[in-house]
Amino acid sequence: MPPSFVHRITKYDPADRDEHGHYTGAEEAVSDHGPVEAAYLAAIAAFAEASGIDRLEIRDPEIAGFIHFGVGPSDAGHGLVALFPPDLSGYHDGAEVSLPIALELVRVMLRGQGAWCRLEAGNRLTVDVGWDQYVYVGSDRPCTDAVARTRELGLFPEPMTMSPYAAELDEPEVTVAADHRELAALVADARAACTLPVYLDERQPPLCAALPDSDGVLRARW
């Protein structure tokens, strides 16, 4: 079950939204790499503290391919070079990271450097970074102090029923074991593979594949 209390955290003043909820103000949809970005991270840290969380799991991790959907420039290392070894061990579905590392992952996503993932501590705390500097934080507690702290930081926390990036909203996938000889040959030296359509409205990958890690564990939600 998703957390009971969800807030959309943005730098966009609700007073600058039209009747459809679209932002019409002057704030740009990219990270400032400065005080506003730091405010986002401090706000998430406040929600984590209020929820009693100091570690989160990486869920459904992705890295950009030849198509980059972020507004900001992509990064050759997907923003992960300083956080994980060159082979990205430790950046897999279900990997547990400390809160400081989780906050750095949020920074990478805010900057659109190429990596994306959900961050979760069961249903106690979830953090989803969406398009255009929209962040969704869910907790099993009201986190009144964290909401107030977010406002003090100059951001706008707005209550939501559910994050639009919640795993519960994902369409169920049909998975088939890649046990045919031809497929096995094609992915023999790969860790993961997917095909992505070029168009944004078709951005759900029509085909995904993953292989177990060296210890034989398949670390993927599906």
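The following conversation goes through the strands and helices of a predicted model.

Reader: To begin, how many helices and strands does the chain have?
Author: This predicted model has four helices and nine strands. From the N terminus on, the elements run β-α-β-β-α-β-β-β-α-β-α-β-β.

Reader: And what share of the chain is buried?
Author: Buried residues make up 36% of the 222 residues.

Reader: What about contacts between residues 24 or more positions apart?
Author: Such pairs account for 71% of the contacts in the chain with a separation of 6 or more.

Reader: Let us turn to the sheet. What is the order of its strands?
Author: The order is β3-β2-β4-β5-β6-β1-β7, in an open sheet of seven strands with antiparallel pairing. At the edges are β3, residues 96-98, and β7, residues 156-160, each of which pairs on one side only. On average, neighbouring strands of this sheet are turned by 30° against each other, direction ignored.

Reader: Starting from the β3 edge, how many bridges join β2 to β3?
Author: Three bridges join β3 to strand β2, which covers residues 55-63, and the two run antiparallel. One of the residue pairs places E57 with E96 of β3 as its bridge partner.

Reader: Further along, how do β4 and β5 pair?
Author: β4 and β5 are antiparallel, with three bridges between them. Within this pairing, L119 stands opposite V127 in β5. The two strands form a hairpin with three residues between them, and G122 takes a positive phi near 60° there.

Reader: Which residue has a positive phi in the turn between β5 and β6?
Author: That residue is D132, with a phi of about 55°, in a hairpin that has five residues between β5 and β6. These two strands pair in the antiparallel sense over five bridges, and T126 has G138 in β6 as its bridge partner.

Reader: Are the residues of β5 buried or exposed?
Author: Five of the five residues of β5 are buried, and the strand is mostly covered. Its two faces are both covered, with L125, V127 and V129 on one side and T126 and D128 on the other.

Reader: And which residues of β6 lie on each side?
Author: V135, V137 and S139 lie on one side, with Y136 and G138 on the other, and all are buried. β6 is thus mostly covered, with five of its five residues buried.

Reader: What pairs with β6 through I9?
Author: Strand β1, residues 5-10, pairs with β6 in the antiparallel sense over five bridges. I9 stands opposite V135 in β6.

Reader: Now the helices. Which strands does α2 lie across?
Author: Helix α2, residues 99-110, lies across β2, β3, β4, β5 and β6. Its direction is at about 145° to β4, which spans residues 115-121.

Reader: How should one describe a pair of packed helices in general?
Author: One gives the angle between their axes and the distance between the axes.

Reader: Then what are those values for α1 and α3?
Author: Helix α1, residues 35-51, packs with helix α3, residues 144-152, at an angle of about 170°, and their axes are 8 Å apart. An angle over 145 degrees counts as roughly antiparallel, so α1 and α3 are roughly antiparallel to each other. The crossing of α1 past α3 is right-handed.

Reader: Which residues meet there?
Author: From α1, A43, A46, F47 and A50 meet A146, V147, R149 and T150 of α3. By class, this contact has six nonpolar, one polar and one charged residues.

Reader: One more residue: is D145 of α3 buried or exposed?
Author: D145 lies in helix α3. With a relative accessible area of 65%, D145 is exposed, because values over 50% count as exposed.

Reader: How far apart are D145 and A50 in sequence and in space?
Author: D145 and A50 are 95 residues apart in sequence and 7.4 Å apart in space, C-alpha to C-alpha.

How values were computed:
Residues are numbered from 1 along each chain as its sequence is written. This is a predicted model: local features need pLDDT of at least 70, side-chain atom pairs count only at pLDDT 80 or more; totals for chains, interfaces and linings use all residues. Side-chain values use heavy atoms; hydrogens and water are left out. Two strands pair if DSSP finds at least two bridges between them. Axes are lines fitted to C-alpha atoms, for helices over the stretch in contact, and angles run from 0 to 180 degrees between N-to-C directions. Contact means heavy atoms within 4.5 Å. Angles under 35 degrees count as roughly parallel, over 145 as roughly antiparallel, 65 to 115 as roughly perpendicular and the rest as oblique. A crossing is left-handed if the near helix is turned anticlockwise from the far one by less than a right angle, and right-handed if clockwise. Ala, Val, Leu, Ile, Met, Phe, Trp, Tyr, Cys and Pro count as nonpolar, Asp, Glu, Lys and Arg as charged, and the others, Gly among them, as polar. Buried means under 20% relative accessible area, exposed over 50%, partly exposed in between (1.4 Å probe, protein chains only).
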